[in-house]
Amino acid sequence: MIPKVPGKTIVYKYRPLGDDTSRDRVRDILVNHRLYASSPLALNDPFECKAKWSLKASKKQRLRKTMQIAESRNPYAPQNAKKREARELQAAVADTGVENAKRVLSENAGFVSFGGSVDNLLMWAHYASDHRGIAIAFQAKHWGHADFFGEIHEVRYQSEFPVVEPYNFDAESVRNLMTTKSREWEYEAEHRFIIDTRDESPFVPFSSDLIAAIYMGCRIGNEDIRFIKDCVKDGCPSCQVFRAHMQDDAYGLRFERFEVR
């Protein structure tokens, strides 16, 4: 029985195959047990992390923020001098707050994307090389997986940009920006593993027993089947492998167990 752990207990990573670069990336996941975290501003959707910047902070909020800056600059200055500097800083903080947010998103933060289901025909077509690739199931099986799944957040889909206040820009603001997308992407049922910084490494290591299953697309070629067999033997011998087949009388897939020998 799967324990109740933070986040969704099973998500899917769709990956293409068919060329050496794609295979290297899949092998990195299945054998080296690490996932690549992308910069949110380097993706195929130019609307990623767009925001509606709000400057409606109260006078008290603005003064509090700028007083913190004034305090850090000169902690021994008289209180009146700090307040005077704080008022002068308010216009600048609004501008620099927006720029700081953009810098954090472009240079520091990153995320790994997952799908919410394994039988979505569009996901197979768009992210698994037209059904020639694979989908890797990551499943929380015990409490040791709570940390990993605790960082996975469900994406919200809406028509308007999320509202962000530069005076109060914090980790929650970053997470809000990184988990909001247009309604047109709703079919993905996307979940994102968010990391605060990609400075040291853009890779997210994980425990090998998080891989519960590998689903091969209905168009996968024989060479890629052999490649997946080798990866399973080398990196995740306990996971199950399935192969997709087109249903005979409906728009859908069925999955049959595939023996790795």
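This report describes the fold, two helices, the largest pocket and several loop residues of a predicted model.

Because the model is predicted, local features are restricted to pLDDT of at least 70 and side-chain atom pairs to pLDDT 80 or more, while totals for chains, interfaces and linings use all residues. Residues are numbered from 1 along each chain as its sequence is written, and side-chain values use heavy atoms, with hydrogens and water left out.

## Overall fold

The secondary structure of the chain comprises 7 helices and 14 strands. These elements are DSSP runs numbered from the N terminus, a helix being H or I over at least four residues and a strand being E over at least two. The chain has 261 residues, of which 46% count as buried. Here buried means under 20% relative accessible area, exposed means over 50%, and partly exposed lies in between, with a 1.4 Å probe and protein chains only. Among contacts (heavy atoms within 4.5 Å) with a separation of 6 or more, 78% join residues 24 or more positions apart.

## Helices α1 and α7

Helix α1 spans residues 20-30, and its buried residues are Ser 22, Arg 23, Val 26, Asp 28, Ile 29 and Leu 30. They pack against the strands β1 (10-15), β2 (34-36), β5 (134-139), β11 (203-205) and β12 (211-216), and also against helix α7 (222-235). The N-terminal end of α1 is capped by Asp 19, which places a side-chain oxygen 3.1 Å from the backbone nitrogen of Thr 21.

Helix α7 has 14 residues and reaches 20 Å from its first C-alpha to its last, close to the 20 Å expected at 1.5 Å a residue. The expected span is 1.5 Å times one less than the number of residues. Buried in α7 are Asp 224, Ile 225, Phe 227, Ile 228, Cys 231, Val 232 and Gly 235. These residues lie on the same side of α7 because they cover an arc of only 160° around the axis. The arc is that of the directions from the helix axis to the C-beta atoms. On the other side of α7, Asn 222 and Arg 226 are exposed. The cover over the buried residues of α7 includes α1, β5, β12 and β13 (240-246).

## Asp 224 and Gly 18

Asp 224 is in helix α7 and counts as buried at 7% relative accessibility. Its side chain reaches the backbone nitrogen of Gly 18 at 3.4 Å. This is a polar contact, defined as a pair of N or O atoms within 3.5 Å; within protein, one must be able to donate a hydrogen and the other to accept it, and residues adjacent in sequence count only if both atoms are side-chain atoms. Neighbours within four places in sequence aside, Asp 224 is in contact with Leu 17, Gly 18, Arg 23 and Arg 132.

Gly 18 is in the loop between β1 and α1. With the corresponding exclusion of neighbours within four places in sequence, Gly 18 is in contact with Arg 23 and Asp 224. Gly 18 and Ala 128 are 110 residues apart in sequence and 9.9 Å apart in space, C-alpha to C-alpha.

## Loop residues

The table lists residues in loops with their relative accessible areas.

| Residue | Loop between | Relative accessible area | Class |
|---|---|---|---|
| Gly 18 | β1 and α1 | 48% | partly exposed |
| His 33 | α1 and β2 | 17% | buried |
| Asp 130 | α4 and β5 | 38% | partly exposed |
| Glu 151 | α5 and β6 | 36% | partly exposed |

Phi of His 33 is near 55°, a positive value in a residue other than glycine. Phi of Asp 130 is likewise near 55°, again positive in a residue other than glycine.

Glu 151 touches Arg 192, Phe 193 and Ile 194, not counting residues up to four places away in sequence. Glu 151 and His 191 are 40 residues apart in sequence, with their C-alpha atoms 9.9 Å apart in space.

## The largest pocket

The largest pocket has a volume of about 800 Å³. Of the 29 residues that line the largest pocket, Lys 13, Arg 15, Ser 38, Ser 113 and Tyr 127 are the closest to its centre. The elements that give two or more residues to the lining are β1, α1, β2, β4 (110-114) and α4 (121-127). On a 1 Å grid over the protein atoms alone, a pocket is an open set of points where a 1.4 Å probe fits, with protein on both sides within 12 Å along at least five of seven lines, and lining residues have an atom within 4 Å of a point. Grid points are joined across faces, edges and corners, and the volume is the space filled by probe spheres set on the points.
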